[in-house]
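Colleague: I'd like to learn how to read this one properly. Could you take me through it feature by feature?
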Amino acid sequence: MTNPIIRIHNSETDEVIDREMTDAEHAVYQAQQAKDNIKAEAAAQAEADKAALLAKLGITADEAKLLLS
Amino acid sequence: VADSAEATGLKWATAASGGGMTLLSTTTLSGASLVVESQRAAGLTWNGGQNMLAGNTANGASILFYNYADTSIAYKTFSFQGRSVSTASPATNTNAGGGTIATSSAITSIQIGMGSGTFTGGTALLYGVL
């Protein structure tokens with residue numbers, strides 16, 4: 001399996017290189033992706049939980065804001 | 001007025017040149033990750049139709065490093081802001097923030113990458129102080 005492509009642009013020489021990530025670069029890239037995905041999933045779950053609670057209470061988001069103000 | 005006469009009762013010198021941010025390079029986004037290298041890598045802004053979530057059309061973000069070339073400073077402060085648009089919910093996301101990187105080395109490269117997939121379009125603009 002090939003690693004993802006990384007583009008490297010040297011602004012001093014204006015040279016652009018497209019190459020496969022090294023295994024080390026790929027490992028760092030995947031670790032960052034895993035972190036990002038955990039954050040995104042947590043945010044999506046929080047949104048879903050909020051929507052479910054509003055539905056359970058039978059009020060809108062604006063009405064919830066009024067209650068908390 | 002570049003340099004006024006004292007006859008007016010006021011005198012000021014010509015403003016110092018330089019110091020402003022200059023566009024150093026423009027890169028078409030491609031692949032899964034982009035690295036832009038320069039000895040003057042002070043700030044990067046990127047925008048376009050990156051496939052950041054699903055069906056995005058108008059994403060943009062930027063990051064700026066302060067004192068990016070000063071090796072006497074042990075921490076490099078940065079600020080960033082960005083916005084993404086998606087067909088998924090929520091339809092828009094806006095993020096802004098900042099922080100520090102614990103390094104006295106000059107910032108000579110900036111890397112951006114995708115959460116998943118690859119860039120499907122857009123450009124990255126590198127800025128620095130000449």
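Modeller: Let's begin with a single residue, B:Ser33. Leaving out residues up to four places away in sequence, B:Ser33 touches A:Ile5, A:Ile6, A:Arg7 and A:Met21, plus B:Gln111, B:Ile112, B:Gly113 and B:Phe119. Contact here means heavy atoms within 4.5 Å.

Colleague: Before we go on, what should I know about the model and the numbering?

Modeller: This is a predicted model, where local features need pLDDT of at least 70 and side-chain atom pairs count only at pLDDT 80 or more, while totals for chains, interfaces and linings use all residues. Residues are numbered from 1 along each chain as its sequence is written, chains are lettered from A and ligands numbered from 1 in the order in which they are written, and side-chain values use heavy atoms, with hydrogens and water left out.

Colleague: Is B:Ser33 buried or exposed?

Modeller: The general idea first: buried means under 20% relative accessible area, exposed means over 50%, and partly exposed is in between, with a 1.4 Å probe and protein chains only. B:Ser33 has a relative accessible area of 1%, so it counts as buried.

Colleague: Which strand is B:Ser33 found in, and which side chain does B:Ser33 join in a polar contact?

Modeller: B:Ser33 sits in strand 2 of chain B, residues 33-37. Helices (H or I, at least four residues) and strands (E, at least two) are DSSP runs numbered from the N terminus. As for the partner, the side chains of B:Ser33 and B:Gln111 are joined by a polar contact of 2.8 Å. A polar contact is a pair of N or O atoms within 3.5 Å; within protein, one must be able to donate a hydrogen and the other to accept it, and residues adjacent in sequence count only if both atoms are side-chain atoms.

Colleague: Zooming out, how many helices and strands are there in chain B?

Modeller: Zero helices and eight strands, so the pattern along the sequence reads β-β-β-β-β-β-β-β. Of the 130 residues in chain B, 33% are buried. Taking contacts in chain B with a separation of 6 or more, 62% are between residues 24 or more positions apart.

Colleague: Now the interface. How many residues of each chain are in contact?

Modeller: 13 residues of chain A are in contact with 21 residues of chain B. The area buried between the two chains is about 1,400 Å², with carbon and sulfur atoms giving 48%. Buried area is the accessible area (1.4 Å probe) that two parts lose on being put together, summed over both. There are 11 residue pairs in polar contact between chain A and chain B, both residues at pLDDT 80 or more.

Colleague: Which elements supply chain A's side of it?

Modeller: Strand 1 (5-10) and helix 1 (23-57) of chain A each supply at least two residues. Strand 1 of chain A gives the largest share, six residues.

Colleague: And B:Gly115, where does that lie?

Modeller: B:Gly115 is in the loop between strand 7 (109-113) and strand 8 (123-129) of chain B. Leaving aside neighbours within four places in sequence, B:Gly115 is in contact with A:Gln33 and A:Asn37. B:Gly115 is partly exposed, at 26% relative accessible area.

Colleague: How many salt bridges does the structure hold over all chains?

Modeller: Side chains of opposite charge can pair when their charged atoms come close. The rule asks for a side-chain nitrogen of Lys or Arg within 4 Å of a carboxyl oxygen of Asp or Glu. Over all chains there are three salt bridges, and zero across the interface of chain A and chain B.

Colleague: What does the pair A:Arg7 and A:Asp18 tie together?

Modeller: Their side chains meet in a salt bridge of 2.7 Å, N to O. A:Arg7 lies in strand 1 of chain A and A:Asp18 in strand 2 (residues 15-20) of chain A, so the pair ties together parts 11 residues apart in sequence. A:Arg7 counts as buried at 13% relative accessibility, whereas A:Asp18 is partly exposed at 41%.

Colleague: By how much are A:Glu47 and A:Lys50 separated in helix 1 of chain A?

Modeller: By about one helical turn, because they are three residues apart in that helix. Their salt bridge is 4.0 Å, N to O. A:Glu47 is partly exposed at 43%, and A:Lys50 is partly exposed at 49%.
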